Amino acid sequence: MPVNTIALNQQRQPLDHLNTVWLFGYGSLIYKTDFPYLACRPACIYGWQRRFWQGSHDHRGTPEAPGRVVTLVEAAAKRCVGMAYQVTPDTFAHLDQREKNGYLRFFTELHWLDNAGSHSTADSSGIEQGVVYIANPDNAAYLGPAPEADIARQIAKSHGPSGANSEYLLQLAQALRQLNEQDEHVFTLEQLLLGLKNHD
Ligand code: SIN
């Protein structure tokens with residue numbers, strides 16, 4: 001798979017026939033909303049968990065010294081909590097550019113949450129189709145699992161055009177707290193990072 005996924009996303013998933021699309025964000029898309037949206041709601045998707053297993057060459061690191069950002073990995077009994085945004089299809093030109101370093105778009109079922117992070121009523125109005133960006137293991141920037149202490153050290157020292165990798169982790173942890181979401185992987189990395197002397 002090419003490093004840059006812009007053309008691939010546009011070929012495999014045209015969206016222009018739709019009036020609006022729900023976008024599910026689970027990483028920086030939760031806290032960095034540099035795109036217009038019509039509405040936003042906390043949501044979750046089932047069967048996935050967030051992991052700092054994707055390399056970042058273009059935002060929080062460089063091709064020579066990649067940072068680490070989140071992707072989703074399959075986990076049957078888990079759910080991933082994030083934020084969903086209702087956007088118009090033209091917004092994906094910007095989103096594809098932003099997520100171009102290995103992420104592909106997929107349609108998935110979004111389950112609405114109330115603001116406290118618990119499930120809204122389990123009727124059919126609580127479910128909507130949405131689009132999520134996932135970086136699979138076959139993309140060229142994928143780094144995969146590593147001990148959490150090593151991941152924290154890599155995040156502590158990485159910088160890219162969008163800023164310090166540590167800022168990505170700290171802002172994500174803060175955004176998840178605001179959603180009342182207890183994500184052990186993210187919060188463990190946050191504690192490890194804060195325990196290191198040389199982080200930004
Ligand atoms: C997302 O936030 O949904 C995708 C990963 C990222 O851009 O951090």
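**Notebook: a helix pair, a ligand site and a loop residue**

I began with the contact between two helices, where E148, A149, I151, A152, I155 and A156 of helix 4 meet H185, T188, L189, L192 and L193 of helix 6. I then sorted the residues of this contact by character and found eight nonpolar, two polar and one charged. I note here that the model I am reading is a predicted one.

Next I looked up the geometry of the pair. Helix 4 covers residues 148-157 and helix 6 covers residues 184-194; their axes come within 9 Å and cross at roughly 60 degrees. Because of that angle, I entered helix 4 as oblique to helix 6. I recorded the crossing of helix 4 past helix 6 as right-handed.

I turned to the ligand and asked which residues surround it. I listed F24, G25, Y26, G27, S28 and L29, together with V70, E99, Y103 and Y168.

I then examined the oxygen atoms of the ligand for N or O partners in the protein. For G27, I found a backbone N or O atom 2.8 Å from an oxygen atom of the ligand. For S28, a backbone N or O atom likewise lies 2.8 Å from a ligand oxygen atom. With Y168 the partner belongs to the side chain: an N or O atom there is 2.5 Å from an oxygen atom of the ligand.

Last, I checked the loop that leads to helix 6. N180 is placed in this loop, between helix 5 (165-178) and helix 6. I noted that phi of N180 is near 60 degrees, a positive value in a residue that is not glycine.

Terms used
Residues numbered from 1 in each chain as written. Predicted model: local features only at pLDDT ≥ 70, side-chain atom pairs only at ≥ 80, totals over all residues. Heavy atoms only, no water. Axes fitted to C-alpha atoms, helices over the stretch in contact; angles between N-to-C directions. Helix = DSSP H or I, 4+ residues; strand = E, 2+ residues; numbered from the N terminus. Parallel < 35°, antiparallel > 145°, perpendicular 65-115°, else oblique. Left-handed = near helix turned anticlockwise from the far one by under 90°. Contact = heavy atoms within 4.5 Å. Nonpolar A, V, L, I, M, F, W, Y, C, P; charged D, E, K, R; others polar. Near = heavy atom within 4 Å. Polar contact = N/O pair within 3.5 Å; in protein donor to acceptor, adjacent residues only side chain to side chain.
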